[in-house]
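Reader: I would like a close look at one part of this model: the salt bridges, and the setting they belong to. Please work outward from there in one connected account.

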Amino acid sequence: MNSQNVRILLDCGSSKTFVSENIANTLKLKPIRHDALTIYSFGMEKAAEQIYPVVEFQLRKKSTCFCKRVEALVIPRISGALVRGVDKHVAQVMSQRNLQLADSCRGGRNVKHRCFDRV
């Protein structure tokens, strides 16, 4: 099974889930089907429809046995801007509130995971 630590954005208001081509290729995810996506955005006079591959994978949280099977459309790019690190102000506020970024949490003990489903 291929795995990669990645930072994700969970948007409970989104109607679709997306993964970048780069991550899909790194994980060697194979399309399970293709879906049409109609895009109508700012400044567009006409909607554009495009067909995208859909892949399936699992999200796993490092420090717990949380596993979630996800289907996502593979798109060339998620965002034009890459997050290079945590802003110092954000890190300070999080530290003051005793909060950690999900990808910075470390489990203090070895936990046997019961989430072994393969996609």
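**Salt bridges and their setting**

Author: The count comes to 2 salt bridges, taking as the rule a side-chain nitrogen of Lys or Arg within 4 Å of a carboxyl oxygen of Asp or Glu. The model is a predicted one, and every value below is computed from it.

Arginine 33 takes part in one salt bridge with aspartate 35, where the closest N and O atoms are 3.1 Å apart. Arginine 33 also forms a salt bridge with glutamate 71, and there the closest N and O atoms are 2.7 Å apart. Since arginine 33 belongs to strand β2 (residues 33-39) and glutamate 71 to strand β4 (residues 67-75), this pair ties together parts that are 38 residues apart in sequence. Through shared partners, the salt bridges join Arg33, Asp35 and Glu71 into one network.

How exposed are the two residues of the pair that links β2 and β4? Arginine 33 has 36% relative accessibility and therefore counts as partly exposed. Glutamate 71 has a relative accessible area of 36%, so glutamate 71 is partly exposed too. The reason in both cases is that partly exposed covers the range between under 20%, which is buried, and over 50%, which is exposed.

The next step outward is the sheet. Its 4 strands form an open sheet in the order β1-β4-β3-β2, with mixed pairing. β1 and β2 are the edge strands, each pairing on one side only. Ignoring direction, neighbouring strands of this sheet are turned by 50° against each other on average.

Going along that order from the β2 end, β2 pairs with β3 in the antiparallel sense, over 7 bridges. Aspartate 35, already met in the salt-bridge network, stands opposite tyrosine 52 in β3. β3 in turn pairs with β4, again in the antiparallel sense and over 7 bridges. These two strands, β3 and β4, form a hairpin with 6 residues between them. Within the hairpin, leucine 59 has lysine 68 in β4 as its bridge partner. At the other end of the order, β1 and β4 run parallel and are joined by 3 bridges. Serine 20 stands opposite isoleucine 75 in β4.

Another residue of β4 is arginine 69. Arginine 69 is partly exposed, since its relative accessible area is 39%. From C-alpha to C-alpha, arginine 69 and glutamine 58 are 4.4 Å apart in space, while in sequence they are 11 residues apart.

The strands also supply nonpolar side chains. In soluble globular proteins, nonpolar side chains tend to be buried together. The largest nonpolar core here has 9 residues: Val19, Ala24, Leu27, Leu29, Val55, Phe57, Val70, Ala72 and Val74. Two or more residues of this core come from each of β3 (48-60) and β4. The largest share, 3 residues, belongs to β4. Apart from this core lies another, of 5 residues, including Leu37, Tyr52, Leu73 and Ile75. Tyr52 of that second core is the residue that aspartate 35 faces across the strands, and Ile75, also in that core, is the one opposite serine 20.

Not every nonpolar group belongs to a core. Val6, Ile8 and Leu10 make a nonpolar surface patch of about 290 Å². Isoleucine 8 lies in the segment before β1 (18-20), and with a relative accessible area of 45% isoleucine 8 is partly exposed.

Which residues other than glycine have a positive phi? One is lysine 28, with phi near 55°. Lysine 28 is in the loop between α1 (21-26) and β2, and at 57% relative accessibility lysine 28 counts as exposed. Another is asparagine 98, where phi is near 60°. Asparagine 98 is placed in the segment after α2 (88-96) and is exposed, its relative accessible area being 75%.

To return to the starting point, the network consists of Arg33, Asp35 and Glu71. β2, the strand of arginine 33, is an edge strand of the sheet, whereas β4, the strand of glutamate 71, pairs with β3 and with β1.

Note on methods. Residues numbered from 1 in each chain as written. Predicted model: local features only at pLDDT ≥ 70, side-chain atom pairs only at ≥ 80, totals over all residues. Heavy atoms only, no water. Buried < 20%, exposed > 50% of the residue type's maximum accessible area, 1.4 Å probe, protein only. Core = buried A, V, L, I, M, F, W, Y, C linked by side-chain atoms within 4.5 Å. Patch = residues over 30% accessible without salt bridge, like charges linked within 9 Å, V, L, I, M, F, W, Y side chains within 5 Å. Areas by Shrake-Rupley, 256 points an atom, 1.4 Å probe, with all protein chains shown as cover. Pairing = 2+ DSSP bridges. Axes fitted to C-alpha atoms, helices over the stretch in contact; angles between N-to-C directions.
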